[in-house]
Amino acid sequence: MKKIRCLLVVLLAVSIKLAYSSETLTLIDRPAADSGATEISVGIWFVDINSIDSAQQSFGADIAVVLRWKDSRLAHTGSGVAHYALDQIWHPRVVIVNETNSVIRRLPETFDVEADGTVVYRQRYVGSFTQPLRLQSFPFDKQDFRVQLIAIRYSPNEVRFVPDQRWIDAGLKRAGGIAESITLPDWTVDKWEIKTLPYTLSPGLTYSGYVFEFTASRNVEHYILKVILPLVLIVMMSWAVFWIDPVTSNSQISIAVTSMLTLIAYRFAVDSQLPRLPYMTRLDSFFLTSTVLVFFSLIEVLVTTILDNKKQTEQAKKIDRYCRVIFPAIFIAASIAIFGNARG
């Protein structure tokens, strides 16, 4: 008799476990999977954009994300909200494609379910996000930045992202935006947009995606006052040799060599702000032009010194007079060619 009771208890336990497993499996399935794509309402708000690192090809941000969808299987009669863990109900498994390991999730990884079965997921992502930059126009560049959400395992035919209508009704157009008080010091945000954009991992493997993009222009005042203007003064300093009498060649050579060494040291200081690029930026071109002109100033000093040693002082002075016009003209023309229509 005891054996029969034990057997019944075991069978009952197995039945309960199987029933629970069946219910869990049902909830893990996509809601109303036979009725088309599951609609996920999205709200994205940039609380802050605190940095853009050209050398690391990344930007730092504080982003609030709200996801909302309907799962009638979770409807309940309570007056409040029910709370579920990640592994208890179905969810679109949304991740940010370009987040780095530094990104921290500030809110608990749980879901709130309203009485009608509306599921709400709220999260705040704080950290660094990767972004390839096109730096040919540096420092007069304008860049596009993006945060892309994708639903892992789900194609656009299975999960469809749409702007959250509740946010739109509350006055946030396209259910998103950027706070006015961001702490980004050296860039200006020009515009932003939100759109649905599938993410193709490989040919034949496409996930449903949702993108927040913003365009920012680099503030050039810092580079004009602290990089370009001192560089111009260094180049102009090298031209002083054209006004010094060739007889005092030591002074000429000293000025030319000092200008060249200062230019090289200055170049190292600016290089730390950029990655190692396979192409030249506008500032690279300007540095190269300045370096060539300073180098040819040194060559000109050597030529006039040789002429003076050969008692051809008048010829040396004539070359100096020509260089007083030629070098500034070349520098101005090159600067216009390099920085003309820089923003374009």
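The largest pocket in this predicted model holds about 200 Å³ of space. Its lining is made of 14 residues, and the closest to the pocket centre are His91, Arg93, Val94, Glu109 and Tyr121. Three elements each give two or more residues to this lining: strand 2 (58-70), strand 4 (94-96) and strand 7 (118-130). The table sorts the lining by residue type.

| Residue type in the pocket lining | Number of residues |
|---|---|
| Nonpolar | 10 residues |
| Polar | 1 residue |
| Charged | 3 residues |

Now for the helices. Helix 6 covers residues 313-339, which is 27 residues. How far apart should its ends be? At 1.5 Å a residue, the expected span is 39 Å. The C-alpha atoms at its ends are 39 Å apart, so the model agrees with the expected value. Helix 6 also has a kink of about 30°, centred on Cys323.

Which residues of helix 6 are buried? They are Ala316, Asp320, Cys323, Phe327, Pro328, Phe331, Ala334, Ser335, Ile338 and Phe339. Cys323, the centre of the kink, is therefore among the buried residues, which have under 20% relative accessible area. In an α-helix there are 3.6 residues a turn, so residues three or four places apart point the same way. Just after helix 6 comes Asn341, with a positive phi of about 55°.

Phe296 belongs to helix 5 (residues 282-309). Is Phe296 buried, exposed or partly exposed? Its relative accessible area is 43%, so Phe296 counts as partly exposed. Phe296 and His83 are 213 residues apart along the chain, and their C-alpha atoms are separated by 74 Å.

Conventions: Residues are numbered from 1 along each chain as its sequence is written. This is a predicted model: local features need pLDDT of at least 70, side-chain atom pairs count only at pLDDT 80 or more; totals for chains, interfaces and linings use all residues. Side-chain values use heavy atoms; hydrogens and water are left out. On a 1 Å grid over the protein atoms alone, a cavity is a set of points where a 1.4 Å probe fits but cannot get out, and a pocket is an open set with protein on both sides within 12 Å along at least five of seven lines; lining residues have an atom within 4 Å of a point. Grid points are joined across faces, edges and corners, and a volume is the space filled by probe spheres set on the points. Helices (H or I, at least four residues) and strands (E, at least two) are DSSP runs, numbered from the N terminus. Ala, Val, Leu, Ile, Met, Phe, Trp, Tyr, Cys and Pro count as nonpolar, Asp, Glu, Lys and Arg as charged, and the others, Gly among them, as polar. Buried means under 20% relative accessible area, exposed over 50%, partly exposed in between (1.4 Å probe, protein chains only). The expected span of a helix is 1.5 Å times one less than its number of residues. The bend at a residue is the angle between axes fitted to the seven residues ending there and the seven starting there.
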